[in-house]
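Let's take a walk through this two-chain model together. Have the sequence to hand and follow along in the viewer.

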Amino acid sequence: MSLSDLVLSLADNKQMLGLRYAEWATRAPSLEADIAAAAMGLDDLGHSRVLYGCLEPLGADPRGPERESDPAAIRNLAYFDEPWTEWSQFVAANAILDTAFTVVIEACVNGSVEVLRQRLRKMLMEERYHFLHGRSWLRSGIDVEPLHRAWREAIEWFGPPDGETTQLYKDGRLSMGPAELHERLEERLESRAPQMDIDWKHWDAIRRRAKPGAIDERTFSMLRGLEENRFAQAKEA
Amino acid sequence: MSKGHNGYYKRVSGDAVEYEVFARKTREEPLRQVGSVVAPDDDLAMAYARATYDEERWCEMAIVRKEHVIELWQPGEP
């Protein structure tokens with residue numbers, strides 16, 4: 001696992017988060033929340049574009065041809081595998097996972113790698129409004145299940161205490177390691193993560209998740225632009 | 001929990017507050033009202049204002065609770 005692997009994981013997760021946000025652009029509880037979902041989706045898709053663009057300057061681009069045929073090659077968290085069916089799932093992702101991604105971006109911006117220091121800084125400004133949105137909805141109260149799931153996946157995504165993310169921190173390329181990221185996430189959200197035991201033996205260091213599975217086939221087709229073809233065929237007929 | 005009687009989340013959680021949104025594109029021009037948003041708290045109002053009125057590259061944006069605006073007179077009044 002290299003810094004490029006971490007950046008690719010961040011890019012894939014931001015792309016999936018943006019896509020899932022966008023799916024709620026006409027289904028949120030208010031018109032204002034619809035617009036916010038669309039705007040945040042656009043932000044995160046834009047962030048993923050910038051992050052993919054950082055892979056080449058970082059050196060080794062970990063993206064291989066398997067990404068065109070295997071949905072499990074996309075390095076997203078299990079939380080994004082399926083479309084969300086409840087507003088609580090949106091809020092938990094918005095408050096916990098989006099903020100988890102932001103604290104890793106902070107660690108990159110305050111780390112020693114120049115391309116990340118320069119290109120990711122603007123994201124922190126845009127993410128401020130995602131954070132305000134998530135925090136406010138979180139305070140209004142949501143179901144416990146997606147909340148606990150989001151916390152678990154965020155902590156797992158930071159990585160094990162003795163893993164390579166810790167090494168990136170020790171090398172100075174990241175300004176925070178897993179323990180510091182965990183602490184920073186709790187500090188930002190002004191709440192503690194629920195008690196949990198994480199079985200790091202089954203943790204996938206490339207996909208940064210413990211749960212097996214992958215994004216659904218329709219979403220995978222959308223990512224590759226194949227859904228568009230389906231509509232094109234219908235038009236011809 | 002902010003679910004309404006039909007099991008859905010209410011369109012605005014908590015007590016709805018109206019906010020006026022002000023913005024300007026350059027330092028030289030004055031802040032002008034560009035619209036309003038309704039939200040239950042300042043955090044959400046900031047997020048909604050930024051998302052709703054992002055059609056321009058504003059150099060400044062501010063929101064004010066409508067109830068905090070002190071009116072001296074209104075249209076039609078002497």
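Buried residues make up 22% of the 78 residues in chain B; a residue is buried if 20 or more other C-beta atoms, placed from the backbone, lie within 10 Å of its own, exposed if 12 or fewer, and partly exposed in between. This is a predicted model, in which local features need pLDDT of at least 70 and side-chain atom pairs count only at pLDDT 80 or more, while totals for chains, interfaces and linings use all residues. Residues are numbered from 1 along each chain as its sequence is written, and chains are lettered from A and ligands numbered from 1 in the order in which they are written.

**Chain B**

The secondary structure of chain B consists of one helix and three strands, arranged β-β-α-β from the N terminus on. Helices (H or I, at least four residues) and strands (E, at least two) are DSSP runs, numbered from the N terminus. Of the contacts in chain B with a separation of 6 or more, 49% are between residues 24 or more positions apart; a contact here means that the C-beta atoms of two residues, placed from the backbone, lie within 7 Å.

The three strands form an open sheet in the order β2-β1-β3 (chain B), with antiparallel pairing. Its edge strands are β2 (32-39) and β3 (60-65) of chain B, each of which pairs on one side only. Pairing requires that DSSP finds at least two bridges between two strands. On average, neighbouring strands of this sheet are turned by 25° against each other, direction ignored.

Helix α1 (residues 42-52) of chain B packs on this sheet and touches β1, β2 and β3 of chain B. The direction of α1(B) makes about 130° with that of β2(B). For such angles, axes are lines fitted to C-alpha atoms, for helices over the stretch in contact, and the values run from 0 to 180 degrees between N-to-C directions.

Strand β1 (residues 17-24) of chain B is joined to β2(B) by seven antiparallel bridges, and six bridges link β1(B) to β3(B), again antiparallel. Along β1(B), B:Val21 faces B:Gly35 in β2(B), B:Phe22 has B:Gln33 of β2(B) as its bridge partner, and B:Arg24 stands opposite B:Glu60 in β3(B).

**Chain A**

Chain A has ten helices and zero strands. The radius of gyration of chain A is 17 Å, close to the 18 Å that the globule rule gives for 237 residues, so chain A is as compact as a globular protein of that length. That radius is taken over C-alpha atoms, and the globule rule is 2.2 Å times the number of residues to the power 0.38. Along the principal axes, the C-alpha atoms of chain A fill a box of roughly 60 × 45 × 35 Å. Of the 237 residues of chain A, 44% count as buried. Residues 24 or more positions apart account for 76% of the contacts in chain A with a separation of 6 or more.

Two of the helices can be set side by side. The expected span of a helix is 1.5 Å times one less than its number of residues.

| Helix | Residues | Expected span | End C-alpha distance |
|---|---|---|---|
| α3(A) | 87-109 | 33 Å | 31 Å |
| α5(A) | 121-139 | 27 Å | 28 Å |

Both helices bend along the way: α3(A) has a kink of about 35° centred on A:Ala93, and α5(A) has one of about 30° centred on A:Glu127. The bend at a residue is the angle between axes fitted to the seven residues ending there and the seven starting there. α3(A) is mostly covered, with 22 of its 23 residues buried.

In α5(A), the buried residues include A:Glu127, A:Tyr129, A:His130 and A:Trp137. After α5(A) comes A:Gly141, whose phi is positive, near 100°.

Further along, A:Glu180 lies in helix α8 (residues 178-189) of chain A. With 16 other C-beta atoms within 10 Å, A:Glu180 is partly exposed. A:Glu180 and A:Thr166 are 14 residues apart in sequence and 9.7 Å apart in space, C-alpha to C-alpha.

**Where the chains meet**

Which elements do the buried residues of α5(A) pack against? They pack against α2 (31-58) and α3 of chain A together with α1 of chain B. From the other chain, α1(B) is mostly covered, with eight of its eleven residues buried, among them B:Leu44, B:Met46, B:Tyr48 and B:Arg50. The buried residues of α1(B) pack against α2 and α5 of chain A together with β1, β2 and β3 of chain B.
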